[in-house]
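Q: Please take a close look at one part of this fold. I would like one strand followed outward to its neighbours, and then the helices nearby in the discussion.

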Amino acid sequence: MITTILWLICFNLILLYMFLVWNFDYWKKRGVNGPRPKPFVGNFPSVFTQKRHIAFDIQEIYEQYKATDNYVGIFNCRTPLLMITSTDLIKQILVKDFQNFRDNEVSTMVDENSDFTLANNPTAMKGDEWVERRAEIVPGLAVPRLKSGFSVTSKICKKLVSYIERENKKTGSMTIFDINDLTLRLSCEIVTDSILGQKADAFSNNKPPAMVDHIKSYSEQSFIHIIYMVLTGLVPALKKYKKLRFVRKPIEKFFIRFIHNSFKKRQQHKEQRNRSDFLNYLLQLHESKRLKVEELTGHALSVLLDGYVTISQVISHCLLLLARDPARQRMLFKEIIEKLGEGSDFETVSNLEYLNACIHETIRIFPPLTFMVKVCTKPAELKNKKDEVLKIAQGTAILLPIHAILNDSALYTQPGNFIPERFLHGNLKRCKDKGLYLAFSNGPRSCLGMNFSLIQIKAALVEIIRNFEVIINPKTRSNNEYNPIHLQSQLEGDIWLEFKTIK
């Protein structure tokens with residue numbers, strides 16, 4: 001009896017092993033090089049171990065093959081992906097051959113029934129639906145509208161300065177601030193007011209508002225999310241039958257209720273219809289295109305949640321890097337005082353060259369998106385370094401290693417160091433034109449909220465740097481290790497900084 005059971009166990013283990021590895025020759029059959037995958041984990045062990053961010057698994061493969069191959073075959077569990085290692089090929093995929101690689105992989109994982117929030121984000125939309133949504137949102141984030149709302153942003157940034165000064169007075173010395181918490185409060189105030197005309201009251205007391213807690217939860221990778229990615233990596237067909245909820249139900253309910261209340265308040269207070277903000281733009285869409293409230297909510301949610309996280313993290317990491325480098329912090333202070341003095345007008349803030357370089361260097365080191373997975377929507381052909389042609393079948397997943405490219409020493413000298421000067425004198429534009437700077441993606445599907453996020457980040461940094469000397473606290477880690485449980489690139493551990501008032 002025991003012998004029979006042992007044989008059955010061995011037989012089942014053999015069957016499981018064969019299931020896990022039977023298609024590991026997928027890329028070899030097609031003449032594509034690649035690292036040997038491991039049963040169950042494929043080429044991404046960090047998804048399971050959580051010992052480091054998945055971006056570093058990808059970077060290792062990129063560094064190993066970038067000199068010999070334009071693309072490399074890898075596996076998510078047992079699902080094949082094609083990782084592109086050539087910046088020219090990435091530019092071809094995102095720009096020239098955009099119609100062949102139109103959709104993002106996340107669109108195969110969600111629908112409105114499973115996750116209303118993400119399904120209504122342009123990132124997760126397919127084909128013509130994405131085109132229509134983008135066309136509706138872009139005018140609401142146009143530069144003239146951002147310019148007219150800049151005074152609101154400036155007032156909120158001054159609130160932050162007052163809050164820091166108030167906290168310093170309470171202790172009688174420099175308060176040690178948790179910067180992730182501080183900047184999340186700031187982004188709550190800025191984005192909520194700029195988009196919905198509502199006050200978040202994020203600086204009213206020491207306890208952060210419920211909104212801040214919900215955003216923190218939104219940016220973390222849940223265990224269920226990891227399990228889903230594993231199961232669909234093992235059995236891709238599961239995506240057709242079971243979609244994933246990325247945004248947890250309580251978070252979704254909170255923000256939908258908040259947005260609905262904002263719509264009602266604006267409709268009741270007619271005098272606020274003169275505000276040139278995103279909410280009034282949505283109400284105009286509601287009236288002109290007869291969009292349903294659910295559609296308006298989807299529009300607002302996609303901008304709100306993306307804005308909260310991106311703005312907060314870029315400001316946090318930029319302050320961290322400037323605090324580590326007092327000399328460059330002084331250079332930025334000098335530019336702000338010489339160009340702006342005590343003022344803060346939209347045009348001047350937008351065109352502060354050294355500030356812009358500091359922000360983009362921060363984003364290079366801590367990109368909000370560390371990689372991107374596109375889906376082949378129409379059969380295409382890609383060339384390898386020796387002009388071998390690979391035919392890409394419709395439905396093939398294509399991984400673009402954004403973090404690896406932004407940290408490639410062949411493209412960026414001393415990539416681990418904070419060197420804003422690399423993006424001065426038109427170099428940022430040249431990097432973008434060559435397809436070397438992919439922090440906001442490229443081509444028709446590049447980040448539609450880029451201008452909105454950048455002006456909020458610039459306004460905040462201007463107010464902080466001209467009022468305070470930012471000093472790093474020893475509790476903060478000295479390297480740039482990413483937190484493995486976050487979807488974005490966020491420093492492992494808290495960022496602790498102090499603010500010394502400049503007389």
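The answer below starts from a single strand and works outward.

A: This is a predicted model. The part chosen is strand 2, which covers residues 79-84.

Start with burial. Strand 2 is mostly covered, with six of its six residues buried. In a regular strand, side chains alternate between the two faces of the sheet. Here both faces of strand 2 are covered. On one side sit T79, L81 and M83, all buried. On the other sit P80, L82 and I84, buried too.

Now the partners. Strands of a sheet pair through backbone hydrogen bonds, either parallel or antiparallel. Strand 2 has a partner of each kind: strand 1 runs antiparallel to it, and strand 8 pairs with it in the parallel sense.

Take strand 1 first. It spans residues 71-76 and is joined to strand 2 by six bridges. Two residue pairs help to place the register. G73 has L82 as its bridge partner. F75 stands opposite P80. Strand 1 and strand 2 form a hairpin, with two residues between the strands. In that hairpin, C77 takes a positive phi near 60 degrees.

Strand 8 comprises residues 397-400, and three bridges link it to strand 2. In this pairing L81 stands opposite A397.

Step back to the sheet. It is open, has five strands, and follows the order 1-2-8-5-3 with mixed pairing. Its edges are strand 1 and strand 3 (103-104), each of which pairs on one side only. Strand 2 lies between strand 1 and strand 8 in that order.

Other pairings involve strand 10, residues 496-501. Strand 4, residues 176-178, pairs with strand 10 in the antiparallel sense over three bridges. There, I176 stands opposite E498. Strand 9, residues 468-472, also runs antiparallel to strand 10, and five bridges join the two. In this case I472 stands opposite L497.

Turn to the helices. Helix 19 takes in residues 353-365, 13 residues in total. At 1.5 Å a residue it should span 18 Å. Its end C-alpha atoms are 19 Å apart, which agrees.

Burial is marked here as well. Twelve of the 13 residues of helix 19 are buried, so this helix is largely enclosed by the rest of the structure. The buried residues run from Y354, L355, N356 and A357 through C358, I359, H360 and E361 to T362, I363, R364 and I365. An α-helix has 3.6 residues a turn, so residues three or four places apart point the same way.

One helix packing against helix 19 is helix 22. Two packed helices are described by the angle between their axes and the distance between the axes. For helix 19 and helix 22, the angle is about 115 degrees and the axes are 11 Å apart. That makes helix 19 roughly perpendicular to helix 22. The crossing is right-handed.

Last, a residue with an annotation. UniProt, in an unreviewed entry, places the feature "binding site" at C447. C447 is found in the loop between helix 21 (427-433) and helix 22 (450-467). Its relative accessible area is 36%. Since buried means under 20% and exposed over 50%, C447 is partly exposed.

Technical notes: Residues numbered from 1 in each chain as written. Predicted model: local features only at pLDDT ≥ 70, side-chain atom pairs only at ≥ 80, totals over all residues. Heavy atoms only, no water. Helix = DSSP H or I, 4+ residues; strand = E, 2+ residues; numbered from the N terminus. Expected span 1.5 Å × (residues − 1). Buried < 20%, exposed > 50% of the residue type's maximum accessible area, 1.4 Å probe, protein only. Pairing = 2+ DSSP bridges. UniProt positions renumbered as here; feature names shortened; annotations may be inferred. Axes fitted to C-alpha atoms, helices over the stretch in contact; angles between N-to-C directions. Parallel < 35°, antiparallel > 145°, perpendicular 65-115°, else oblique. Left-handed = near helix turned anticlockwise from the far one by under 90°.
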